[in-house]
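Okay, thanks for having me, everyone. Let me pull up the sequence and the model so we can look at them together.

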Amino acid sequence: MMKSLFYYIPGIYVFQEEPYIMNTTESERNLNPGTLFKGFCIDFLEKLAKVHEFTYSLYLVPDGEYGTKQHDGTWSGLIGELLYQVIQQCFPNLIGHVG
């Protein structure tokens, strides 16, 4: 039996950092309408979507930060958005930020 139905993942949040996730240029958007981001993580996510048959929407993290622990013990940035369930999924580059 052949699969014919893709599933949709609403709202994957990303953090811009070269070369992982970057804005496309105007000329790139003219060639590929609707393509707002490019980079290693985007290429990887597109391959995952093709293999596992899903579509998605990407959004930038509102405060543009990965996240830091605040003086009151709360978290900001992408980590805070996930921790406090403001967002459900993200696709960040955390490799260079561990340790």
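I'll go through one strand pairing, then a pocket, then a charged pair.

Quick housekeeping: this is a predicted model, where local features need pLDDT of at least 70, side-chain atom pairs count only at pLDDT 80 or more, and totals for chains, interfaces and linings use all residues. Residues are numbered from 1 along each chain as its sequence is written, and side-chain values use heavy atoms, with hydrogens and water left out.

So, strands. Helices and strands here are DSSP runs numbered from the N terminus (H or I, at least four residues, for helices; E, at least two, for strands). Strand S1, residues 7–14, runs parallel to S4, with six bridges between them; strands count as paired if DSSP finds at least two bridges. Along that pairing, Val14 sits opposite Leu60 in S4. S1 also has two bridges to strand S5, residues 89–90, again parallel, and there Ile12 has Gln89 as its bridge partner.

Now find Ser57, which belongs to strand S4, residues 54–60. Is Ser57 buried or exposed? Its relative accessibility is 18%, so Ser57 counts as buried; the cut-offs are under 20% for buried, over 50% for exposed and partly exposed in between, with a 1.4 Å probe and protein chains only. Ignoring neighbours within four places in sequence, Ser57 contacts Tyr8, Ile9, Gly11 and Ile12, contact being heavy atoms within 4.5 Å.

Ser57 also helps line the largest pocket, along with residues including Phe37, Glu46 and Tyr56. By pocket I mean an open set of points on a 1 Å grid over the protein atoms alone, where a 1.4 Å probe fits, with protein on both sides within 12 Å along at least five of seven lines; lining residues have an atom within 4 Å of a point. The space in there is about 180 Å³, as filled by probe spheres set on the points, which are joined across faces, edges and corners. What supplies the largest share of the lining? That's S4, with three residues, while helix H2 (40–52) also gives at least two.

Last stop: there's one salt bridge in the structure, meaning a side-chain nitrogen of Lys or Arg within 4 Å of a carboxyl oxygen of Asp or Glu. Lys38 pairs with Glu28, and their closest N and O atoms are 3.1 Å apart. Lys38 is in strand S3 (residues 37–38) and Glu28 in helix H1 (residues 26–31), ten residues apart. Lys38 is partly exposed at 27%, and Glu28 is partly exposed at 27% too.
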